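I open this notebook to record what I looked up in one protein model, entry by entry. The sequence and structure come before my notes.

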Amino acid sequence: MIALFGAEARRLMSTRLWLWALLAASLTGGLVFVLALLGPENFDPPMPGLQTAESVRLLLGIAGLLAFVPALLGTTAVTAEYRHQTITFTYLFAPKRGTVLTAKLAVYGIAGVAYGLVVAVIAGTGVAVAAAVNGISLGLPTGELLGLLIRLVVTMTAYTLLGVAFGALLRNQVTALVVLGSYFYVGELLLMMIPGVNAIYPFLPGGASSALIGFTFLADATAQTGISAPHLLSAPLGALVLLAYAAVAAVLAFGTSLRRDVA
């Protein structure tokens, strides 16, 4: 396991994937910084300024909306091995496929934490600096802000693990990326707009992550259209649901990887 852990870490660092991940995390945090600097009160339509807790949660929630990116990176990390057939050599080196998948989940779980930390540090610093530049007090107390940033890190980590497990399930890179993107940015939004059916939204990955980081913008926007908006779960329950999805996907990936041929 130690050898596999080291091999996976070297594989990650020997490709450009970690550079793309660092760039994506920096851009995500940077987007929050820019929006905070521009001032939510200058948006169209205008929103409360950074002196309100609502505005700070909204801006950090935007970073949570981009949690699809670490999921995509986690999926790519696994499917790229099948696409380039390097997985064959991996299984020759370590025939126990469950051990290989465990090593991947461990390494990319750590990578997900690092990704989330980069996003959280840049985004958190950004809203604080923007408030200082505009000469206002940040609407969220420091303790609550740190708690929200920690929950943002948990969200990014869970999505990374979900992406790794999803990649191990589908294996075809193009198919996995299309399905993943379509679900998170089309499927969940459509389900949320269907009265009655949208009651399940809080228990979907997107709804769970929204609950975890306190991002109620989508639910509020749905309510303004006249559709009954579902009530999000509490933050702890959202975290449990999100991590449960990653765990179930991992278990399914373990089961299927043992029964399928490599090619």
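The entries below concern a nonpolar core, a cavity and two residues of helices.

Entry 1, the model. I note at the outset that this is a predicted model.

Entry 2, the core. I asked which members of the largest nonpolar core touch the most other members. They are Leu-60 and Tyr-115, in a core of 66 residues. I then listed the contacts of Tyr-115, leaving aside its neighbours within four places in sequence. Tyr-115 is in contact with Ala-21, Ala-24, Ala-25 and Thr-28, and also with Val-69, Pro-70, Leu-73 and Met-156.

Entry 3, the cavity. How many cavities of 30 Å³ or more does the count give? I found one. The space in the largest cavity is about 70 Å³. I counted 10 residues in its lining, and Tyr-82, Tyr-91, Leu-101, Lys-104 and Ala-168 lie nearest the centre.

Entry 4, the lining. I looked up which helices supply at least two residues of the lining of the largest cavity. Helix H4 (68-83), helix H5 (87-93) and helix H6 (97-133) each do so. The largest share comes from H6, with four residues. Sorted by class, the lining holds seven nonpolar residues, one polar residue and two charged residues.

Entry 5, Leu-101. I chose Leu-101 as one of the residues nearest the centre of the largest cavity. Leu-101 has its place in helix H6. Is Leu-101 buried or exposed? Its relative accessibility is 5%, and the cut-off for buried is under 20%, so I record Leu-101 as buried. Not counting residues up to four places away in sequence, Leu-101 touches Ala-168, Ala-250, Ala-253 and Phe-254. Ala-168 is also among the residues nearest the centre of the largest cavity. I also looked up the separation of Leu-101 and Thr-155, which are 54 residues apart along the chain. Their C-alpha atoms are separated by 21 Å.

Entry 6, Thr-79. I turned next to helix H4, where Thr-79 is found. Thr-79 has a relative accessible area of 0% and therefore counts as buried, the cut-off being under 20%. Where does a polar atom of the Thr-79 side chain lie with respect to the backbone oxygen of Thr-75? I noted a distance of 2.9 Å between the two atoms. Leaving aside neighbours within four places in sequence, I listed Gly-167, Arg-171, Asn-172, Gln-173 and Ala-176 as the residues in contact with Thr-79.

Definitions and conventions
Residues numbered from 1 in each chain as written. Predicted model: local features only at pLDDT ≥ 70, side-chain atom pairs only at ≥ 80, totals over all residues. Heavy atoms only, no water. Core = buried A, V, L, I, M, F, W, Y, C linked by side-chain atoms within 4.5 Å. Buried < 20%, exposed > 50% of the residue type's maximum accessible area, 1.4 Å probe, protein only. Contact = heavy atoms within 4.5 Å. 1 Å grid on protein atoms, 1.4 Å probe; cavity = no way out; pocket = protein on both sides within 12 Å on 5 of 7 lines; lining within 4 Å. Points joined across faces, edges and corners; volume = space filled by probe spheres on them. Nonpolar A, V, L, I, M, F, W, Y, C, P; charged D, E, K, R; others polar. Polar contact = N/O pair within 3.5 Å; in protein donor to acceptor, adjacent residues only side chain to side chain.
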